[in-house]
Every structure is written in structure tokens, then in C-alpha cells.
Amino acid sequence: MLRTDRLSLENVGKHKMYLDLGDATCMRMAMFNFEPTTSTTLRKILKRGMTFFDVGAHVGYFSLEASELVEKSGRVYAALWRACRQTT
């Protein structure tokens, strides 16, 4: 369950995103320049009109970055798979 007392509103490019500071990955997004090499690579590769697939998107941080780069003529698809554990 999401606790609202742990939410932080953060800027991701031109967008704003609420991050759950109880989640370790979200905490890194809020506190640091999150994965700067990945962001730099996206800026070098993605152009207006392209399509971007964010497989394993988590909260969509890179999906938001990609949406700015491909603009309205492009497409961004984001998916998150959760592994199912089998207990015996």
C-alpha cells in the first residue's frame, strides 16, 4: 500500500512525478541524478517521431524522458513485469 507521507514530487524533465520514498529505486531518483549514462544515451539516440519501448519501466522515469525526445509524433510504450514466485 502506498503511504502518502512518503511521497515526494520530483521534476523529470518538463514533467513532474510523485515518487514513493519508501522504495529504494525511487529514493535514488529523488536524491541523485538517476542513471545519468542512460539519460545521456537516450538523448543521443532518440529523435522526434521515433518509438521507444521501456521494458521494465518501474515508475516510468525513462518513459517520461523519452516522451520529451520523441515528441508528439513519436510513441512511448512502457511495461512492467513482476515475477511470480512459486512456493512449495
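**A surface patch and the surroundings of S63 and A57**

In this predicted model, a nonpolar patch on the surface is made up of F53, V55, Y77 and W81, which together offer about 530 Å² of accessible area. One of these residues, Y77, belongs to strand β4, which spans residues 75-79. Y77 is partly exposed, because its relative accessible area of 43% falls between the 20% and 50% limits.

From the patch, we can turn to a pair of buried residues. S63 is part of helix α3, which covers residues 61-70. With a relative accessibility of 10%, S63 is under the 20% limit and therefore counts as buried. The side chain of S63 is joined to that of D54 by a polar contact of 2.8 Å. Beyond residues up to four places away in sequence, the contacts of S63 are with F52, D54, A57, V76 and A78.

A57, one of those partners of S63, sits in the loop that runs between β3 (51-55) and α3. A57 is likewise buried, since its relative accessible area is 10%, where the limit is 20%. Once neighbours within four places in sequence are set aside, A57 touches S63, A78, A79 and L80. The pairing of A57 with A78 deserves a closer look: 21 residues separate the two in sequence, while their C-alpha atoms lie 5.7 Å apart in space. A78 also appears among the contacts of S63, and residue 78 falls within the 75-79 span of strand β4.

Conventions:
Residues numbered from 1 in each chain as written. Predicted model: local features only at pLDDT ≥ 70, side-chain atom pairs only at ≥ 80, totals over all residues. Heavy atoms only, no water. Helix = DSSP H or I, 4+ residues; strand = E, 2+ residues; numbered from the N terminus. Buried < 20%, exposed > 50% of the residue type's maximum accessible area, 1.4 Å probe, protein only. Polar contact = N/O pair within 3.5 Å; in protein donor to acceptor, adjacent residues only side chain to side chain. Contact = heavy atoms within 4.5 Å. Patch = residues over 30% accessible without salt bridge, like charges linked within 9 Å, V, L, I, M, F, W, Y side chains within 5 Å. Areas by Shrake-Rupley, 256 points an atom, 1.4 Å probe, with all protein chains shown as cover. Salt bridge = Lys/Arg side-chain N within 4 Å of Asp/Glu carboxyl O.
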